Amino acid sequence: MKFVLTIHLVWGMALSLLAQRAIIPADSLITVGTYYYPEQWAPEDWESDIKKIAALGFEFTHYGEFAWAAMEPKEGTYDFSWLDKAVNLAQQHGLKVIMCTPTPTPPRWLTAKHPDILIKNAEGRVIQHGARTHPSWSSDVYKGYVEKIVTQLGKRYGNHPAIIGWQLDNEPSHYGSPYDYSENAEKKFQLWLQKKYQTIEKLNATWGAAFWSLTYQHFSQIQIPNGKELVAQPNPHAILDFKRFTSDEASGFLSFQARILRKHIAPSQWITSNFMPFYESVDPGKSADLDFVTYTKYLVAGYDKGIGEQGFRLGSPEQIGLASDYFRPVKGITGVMELQPGQVNWGVFNPQPLPGAVYMWLWHAFAAGSDLACNYRFLSPETGGEQYHTAMLEKDRQTISSGGKQYVRFLDEIRQLRKSGASETMPADVKARKSAIVYSLDNRFEQDNQPQTDRWNYMNHLTKYYNALVRLNAPVDILREEHPLDDYAVVVVPAFQLLDKGAVDKWTQYAASGGNLVISCRTGQKDREARFWRALWAEPIYPLIGGKVDFYDHLPPGLEGKVQSDGQTFSWNSWGEILIPGPETETWAVHANQYYQGSPTVIHRRLGKGSVTYVGTDSRQGDLEYAIIQKLCQTRNIPVWNLPYGVVFNWRKGYWVGVNYSEQPYRHPVEDNRILFGKKEIQPGGVLVYK
Ligand code: GAL
């Protein structure tokens, strides 16, 4: 109990410190900006461009994340005169500035002088200079140069009143080559392993190195495990450690920069970075040195079909929600640093978003927890890498684009709302259904590497639970494992394959003290190092779930497994478990075909003041997950709504915002006099805001 209290105190203190360094005052609701690249335009254009940014109503601009070559044209020769001018122009026109470190794009003189700072992909190809994110986080030479440029920037702009905060790097990643196989990375990996295991014998034992004669005598013999260079599967423990190492390298790189900056900048300037949501090899929550984390979001680029025939123009409803709900709990606040402005250039195909989509995304981002929203970018590039990308203005640099108009409208409405201020008191019924999902990068690493069936996808599985909760209008936090749980009515722990006694104890305590824990298939099969227990299948969770996991099954493509619950039938194809109920469990769903027809696959029990529900099957459509969570809420008297998939409602700062990603209009029962913007019948791609 004392331990829990201490965690709460520390957590609470961390959040209140952050509130003091809030991105914007709470009653501003959200602040909105746009990216501008002075180094990409002639100096004589800057003033009129920046004037237009301000005239459109934007409140900040964003400079410098790719400008290293302009900042340090020759080794050790720094030129910030141009950036000074751009920052001062912003200030003169009433704009704040987010300043960035330019580390994704080292200048050519640097990569030419030190080609070994470049990453290597899994095929052994050294990544060329010419795009971005090509330097290795494991290269000390590169980090030496990073230290110098970041120091210069910190000294120069750390006390400039126009600068509200800093973005480190840009979308920390190596994009399509998420793992670095360079010699630098290999050496650092060996050191990382040495630190972790201390002795090579311990590593050999943990990795099961006796299998296929992997056994090492020295850490210096260890290679980065690389499926592309092996004729059979790599050692799973080596892969798990290599992925953990990569995520540590990413967060270490950001912490390294943040600590340098912190020496020079004013306490009022915050530090963040703009992460791609759920990019596998980078853990945005890991670098404790950031004040908060932001994300980038592009929904319409031909990849996401959305809902119905026109869904490709809106994206899926969970995209903005999942991202916000994942980034916000890290430090209690978040923002969307890049939000799609319209048509992009890099998709499989690049359709027009539905008219109004940009406006809807903005409202959704606000509603889902963003304190800032920014678009990439104010002007379309005339030359260079991202031609065809739309922006706030058309290519004539005068006409406001469709996306630009939607930003202006949103900004105008936010200004109207600011007059009535913000309320931080969440309505009691919303609070009563506040829920969480525990996202575990380790578990994802393990399952992405050993899915056991090509039907399995960790993120899809998690998303089914997320959508179920959103349809019930539960506010959801996607939590890191260490986050306290007792604030939440329902906590879902999806596919938590790797665990230890500490995790089981924490979840047991959560349920016993009144929480409703939902655990899904695959949980508890192995220890933290992905070694099976010398025990029955998932045995460490038996006391918690009150029953047993007998075995699991997979089906071939096209064959539907059937599960029944309360007279409804659900289909599955990826992962189905057969459970053995215990004396205290109720069976909530059974298999309805295959040779184990009639066997339980969902069991529920009371535990102390709360409950534990174990869901052994991953349904195809997520409808089983929805039905079970809905039943759980009914059973436990948790007040919920019942929304169709695609319609999302969030309460934020005193306002209700509804958005519609579905193909049907949705009529919301709200009194006319409460409506601020939109209509109670929300069209596909539409927005309703009410108080
Ligand atoms: C983002 C990236 C930006 C820009 C944009 C284009 O992912 O961070 O720098 O490339 O995509 O849509």
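In the predicted model, a salt bridge joins the side chains of Asp 289 and Arg 259, with a nitrogen-to-oxygen distance of 3.1 Å. This pair links distant parts of the chain, since Asp 289 lies in the loop between strand 6 (274-275) and strand 7 whereas Arg 259 belongs to helix 9 (residues 236-264), the two being 30 residues apart. The partners also differ in their exposure: Asp 289 has a relative accessibility of 18% and therefore counts as buried, while Arg 259, with a relative accessible area of 53%, is exposed. Side chains of opposite charge can pair when their charged atoms come close, and in this model the count of salt bridges comes to 43.

A further salt bridge connects Arg 605 with Glu 584, the closest N and O atoms of the two side chains being 2.7 Å apart. Here too the pair links distant parts of the chain, with Arg 605 placed in strand 18 (residues 600-607) and Glu 584 in the loop between strand 16 and strand 17, at a separation of 21 residues. Arg 605 counts as buried because its relative accessibility is 8%, whereas Glu 584 is exposed, its relative accessible area being 52%. In addition, salt bridges that share partners join Lys 196, Asp 241, Arg 244, Asp 442 and Glu 529 into one network.

The loop between strand 16 (568-580) and strand 17 (586-591) also contains Pro 583, which counts as exposed at a relative accessibility of 87%. Between the C-alpha atoms of Pro 583 and Tyr 466 the distance in space is 30 Å, and the two residues are 117 positions apart in sequence.

A salt bridge is likewise formed by Arg 480 and Glu 482, whose closest N and O atoms are 2.9 Å apart. Both of these residues fall between the limits of 20% and 50% that bound the partly exposed class: Arg 480 has a relative accessible area of 22%, and Glu 482 has one of 44%.

Turning to the ligand, the residues around it are Phe 66, Arg 132, Asn 170, Glu 171, Tyr 175, Tyr 298, Glu 338, Trp 346, Tyr 376, Glu 386 and His 389. When this shell is sorted by class, 5 residues are nonpolar, 2 are polar and 4 are charged. Polar side-chain atoms of several of these residues approach oxygen atoms of the ligand, among them one of Glu 338 at 2.7 Å, one of Trp 346 at 2.7 Å and one of Glu 386 at 2.5 Å. Of the 310 Å² of accessible area that the ligand has on its own, the protein covers 95%.

Trp 346 belongs not only to the residues around the ligand but also to a nonpolar surface patch of about 440 Å², which it makes together with Tyr 303, Val 348 and Phe 349. Within this patch, Tyr 303 is located in the loop between strand 7 (293-297) and helix 10 (318-331), and with a relative accessible area of 53% Tyr 303 is exposed.

Another residue around the ligand, Tyr 376, takes part in a backbone feature, as the peptide bond from Tyr 376 to Arg 377 is cis, with omega near 10°. Arg 377 lies in the loop between strand 9 (370-375) and helix 12 (402-420).

Positive phi values are found in residues other than glycine. For Ala 530, phi is near 65°; this residue is placed in the loop between strand 13 (516-520) and helix 17 (542-545) and is buried, with a relative accessible area of 6%. Lys 653 has a positive phi of about 50° although it is not a glycine, and its position is in the loop between strand 21 (647-652) and strand 22 (655-660). Lys 653 is buried as well, because its relative accessible area is 5%, which is under 20%.

Finally, a polar contact between buried and neighbouring elements of the chain was examined at Thr 617, which is situated in strand 20 (residues 617-619). Thr 617 is buried, with a relative accessible area of 0%, and its side chain makes a polar contact of 2.7 Å with the side chain of Thr 601.

Key
Residues numbered from 1 in each chain as written. Predicted model: local features only at pLDDT ≥ 70, side-chain atom pairs only at ≥ 80, totals over all residues. Heavy atoms only, no water. Near = heavy atom within 4 Å. Polar contact = N/O pair within 3.5 Å; in protein donor to acceptor, adjacent residues only side chain to side chain. Areas by Shrake-Rupley, 256 points an atom, 1.4 Å probe, with all protein chains shown as cover. Nonpolar A, V, L, I, M, F, W, Y, C, P; charged D, E, K, R; others polar. Patch = residues over 30% accessible without salt bridge, like charges linked within 9 Å, V, L, I, M, F, W, Y side chains within 5 Å. Salt bridge = Lys/Arg side-chain N within 4 Å of Asp/Glu carboxyl O. Helix = DSSP H or I, 4+ residues; strand = E, 2+ residues; numbered from the N terminus. Buried < 20%, exposed > 50% of the residue type's maximum accessible area, 1.4 Å probe, protein only.
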